[in-house]
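Visitor: I have a protein model open and would like to learn how to read it. Could you walk me through it, step by step?

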Amino acid sequence: RGRPARPAGAGAAGPAGGPEGTTRADGTTRGAAVAPQPRLVPGPDDSPVEVEPTTGAPVDAVPRRVPVRQPSRAPETGTPDGGHSWAPIEKVHWDGTPLREQPKRGERAPADPPARRPAPRATHSPDPVRGLAALLAFSLLAAFFAWVSAGPFWLAVGHATTGTVAISDCTGGGLTQRCRGIFAATDGRFLAHGVRVSGVPGERRATGTTLPARMTGPDADTAYVDNGVARHLRWLLGLLVVVGCGAGIVRWTGALRLADRRHRRWAVAGASAGPLLITLGFLVAAW
């Protein structure tokens, strides 16, 4: 029903009996793998119109090439339509993105590299016993180095009284050398007996030797003989150790392991400021 009459001899084989099959009334061959071809249908004014066999639309109305979306290309590159390139319609998705080559069977598609995530921060509560022990140990260490660095710091910045010191007694040698003497200020303002003398050379440690020295004031208990770079190393190395003690308090008391960010910041600030406040107190006392 609805099919045109089969012409005579349509069911017979071709001239050579080959694989092209039988010929239909519309000119196609039955039994052969051929692509669908455009066909003619009557138009609105009864004139024949060629239409697509798959969509049923006129051949001239179906686009052959469409723009490919390429957001990485700027419109200034000179390509048509603001940076879009044109590709066949068979190679473009419905949203304008180009088709990607699918992996073959048995092959895995290349995966994007995993994003690097920061290491999780440990937020468990610190051990109070270990934290208090570390706080006490580092505080005492910072206090010692702040005490021995306060006087050399004021001498390095120019707050000192010049004079001479007479060696009265020296014991030990090298780092364990201990010397005592009598300091007399240059302007005769004061005379200090039994002060500790620091930086005495080994060849000038005999009793009665007179050396130029400096003191921070009449209430100080140490006179410094050394000059040059040595006077800066005395306070610089000591203050660096004080800063290291502050970092040790932050690390071993668990200030960085607090869960709340605000509490963590306050804990770090307090742990770092403790040794600095101790140093400030010794600087005021040594003035």
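Guide: Happily! Keep in mind that this is a predicted model. A good way to begin is with burial: of the 287 residues of the protein, 24% count as buried.

Visitor: How many helices and strands are there in the protein?

Guide: You will find four helices and eleven strands.

Visitor: What share of the contacts with a separation of 6 or more links residues 24 or more positions apart?

Guide: Such pairs account for 49% of those contacts.

Visitor: Let's pick one helix. How do I read the length of α3?

Guide: Compare its end-to-end reach with what its residue count predicts. Helix α3 covers residues 229-252, which is 24 residues, and spans 34 Å from its first C-alpha to its last. That is close to the 34 Å expected at 1.5 Å a residue. Just after α3, look for G254, which takes a positive phi of about 80°.

Visitor: Which residues of α3 are buried?

Guide: They are W235, G238, V242, C245, G246, G248, I249 and V250. These buried residues pack against two other helices, α2 (128-156) and α4 (261-286).

Visitor: How are α2 and α3 oriented to each other, roughly parallel or roughly antiparallel?

Guide: Look at the angle between their directions. α2 and α3 pack at about 160°, with their axes 8 Å apart. Angles over 145 degrees count as roughly antiparallel, so that is the description for α2 and α3. The crossing of this pair is left-handed.

Visitor: And at what angle do α2 and α4 cross?

Guide: Roughly 40°, and their axes come within 8 Å. The crossing of α2 and α4 is right-handed. To see where they meet, highlight residues of α2 including A146, W147, F153 and W154, and residues of α4 including P275, I278, F282 and L283.

Visitor: Now for the nonpolar side chains. Which residues of the largest nonpolar core touch the most other members?

Guide: This core has 16 residues, and the ones touching the most other members are V165, F183, V197, V200, M215 and V225. The strands β7 (161-171), β8 (178-185), β9 (191-198) and β10 (210-215) each supply at least two residues of the core.

Visitor: Can we zoom in on one of them? What is V197 in contact with, leaving aside its neighbours within four places in sequence?

Guide: V197 is then in contact with V165, I167, C179, R180, G181, A223 and V225. Two of these partners, V165 and V225, also appeared in the list of core residues touching the most other members.

Technical notes: Residues numbered from 1 in each chain as written. Predicted model: local features only at pLDDT ≥ 70, side-chain atom pairs only at ≥ 80, totals over all residues. Heavy atoms only, no water. Expected span 1.5 Å × (residues − 1). Buried < 20%, exposed > 50% of the residue type's maximum accessible area, 1.4 Å probe, protein only. Contact = heavy atoms within 4.5 Å. Core = buried A, V, L, I, M, F, W, Y, C linked by side-chain atoms within 4.5 Å. Axes fitted to C-alpha atoms, helices over the stretch in contact; angles between N-to-C directions. Parallel < 35°, antiparallel > 145°, perpendicular 65-115°, else oblique. Left-handed = near helix turned anticlockwise from the far one by under 90°.
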